[in-house]
Amino acid sequence: MGKGDRKTRRGKTYRGSYGNTRVHSVQPAVVGAKATVTKPAAAVKKAAAPKKKPA
């Protein structure tokens with residue numbers, strides 16, 4: 001368990017990645033301001049119209 005281990009906190013810091021072990025929370029720059037990082041809403045796909053068989 002050390003620098004090369006991706007599952008430990010030390011390994012996450014060494015690689016510069018974030019995950020469950022090393023959560024990266026964005027804090028607003030101004031007190032009381034909302035965080036600017038937001039995830040886009042999932043796009044809703046419409047069902048394709050059924051194809052008609054040629055007679």
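Where is Lys12 found? Lys12 sits in helix H1, which covers residues 9-15. What you have in front of you is a predicted model, and I will go through the helix and the segment just before it.

First, the overall picture. The protein has 55 residues, and 7% of them are buried. Its secondary structure amounts to one helix and zero strands. The accessible surface is about 5900 Å², with carbon and sulfur atoms contributing 56% of that.

Back to Lys12. Is this residue, buried or exposed, part of a salt bridge, and what is the nearest side chain of opposite charge? Lys12 is buried, and it has no salt bridge. The nearest side chain of opposite charge belongs to Asp5, at a distance of 8.6 Å. A salt bridge would need a side-chain nitrogen and a carboxyl oxygen within 4 Å. What the side chain of Lys12 does have is a polar atom 3.3 Å from the backbone oxygen of Arg6. Leaving aside residues up to four places away in sequence, Lys12 touches Asp5, Arg6, Ser17, Gly19, Thr21 and Arg22. So Asp5 appears among the contacts of Lys12, yet the pair forms no salt bridge because that takes a nitrogen and a carboxyl oxygen within 4 Å and the two side chains are 8.6 Å apart.

Next, Arg15, also in helix H1. Arg15 counts as partly exposed because its relative accessibility is 45%, and that class lies between 20% and 50%. With the same sequence neighbours left out, up to four places away, Arg15 touches Gly4 and Arg6. Arg6 is thus a contact of Arg15 and of Lys12. Arg15 and Lys3 are twelve residues apart in sequence, and their C-alpha atoms are 8.0 Å apart.

Now the segment before H1, where we find Thr8. Why does Thr8 count as buried? Its relative accessibility is 17%, and the cut-off for buried is under 20%. Which backbone atoms does the Thr8 side chain reach? One is the backbone oxygen of Asp5, at 3.3 Å. Another is the backbone nitrogen of Gly11, at 3.2 Å. Beyond residues up to four places away in sequence, Thr8 touches Met1, Gly2 and Thr21. Thr21 is also on the contact list of Lys12. Thr8 and Arg22 are 14 residues apart along the chain, with 8.3 Å between their C-alpha atoms.

Lys7 is in the segment before H1 as well. At 70% relative accessibility, Lys7 counts as exposed, whereas Thr8 counts as buried at 17%. The C-alpha atoms of Lys7 and Thr21 are separated by 7.0 Å, with the two residues 14 apart along the chain.

To recap: Lys12 is buried without a salt bridge, and a polar atom of its side chain lies 3.3 Å from the backbone oxygen of Arg6.

How values were computed: Residues are numbered from 1 along each chain as its sequence is written. This is a predicted model: local features need pLDDT of at least 70, side-chain atom pairs count only at pLDDT 80 or more; totals for chains, interfaces and linings use all residues. Side-chain values use heavy atoms; hydrogens and water are left out. Helices (H or I, at least four residues) and strands (E, at least two) are DSSP runs, numbered from the N terminus. Buried means under 20% relative accessible area, exposed over 50%, partly exposed in between (1.4 Å probe, protein chains only). Accessible areas come from the Shrake-Rupley method with a 1.4 Å probe; for residues, only the protein chains shown count as cover. Lys and Arg count as positive and Asp and Glu as negative; His and the chain ends are not counted. A polar contact is a pair of N or O atoms within 3.5 Å; within protein, one must be able to donate a hydrogen and the other to accept it, and residues adjacent in sequence count only if both atoms are side-chain atoms. Contact means heavy atoms within 4.5 Å.
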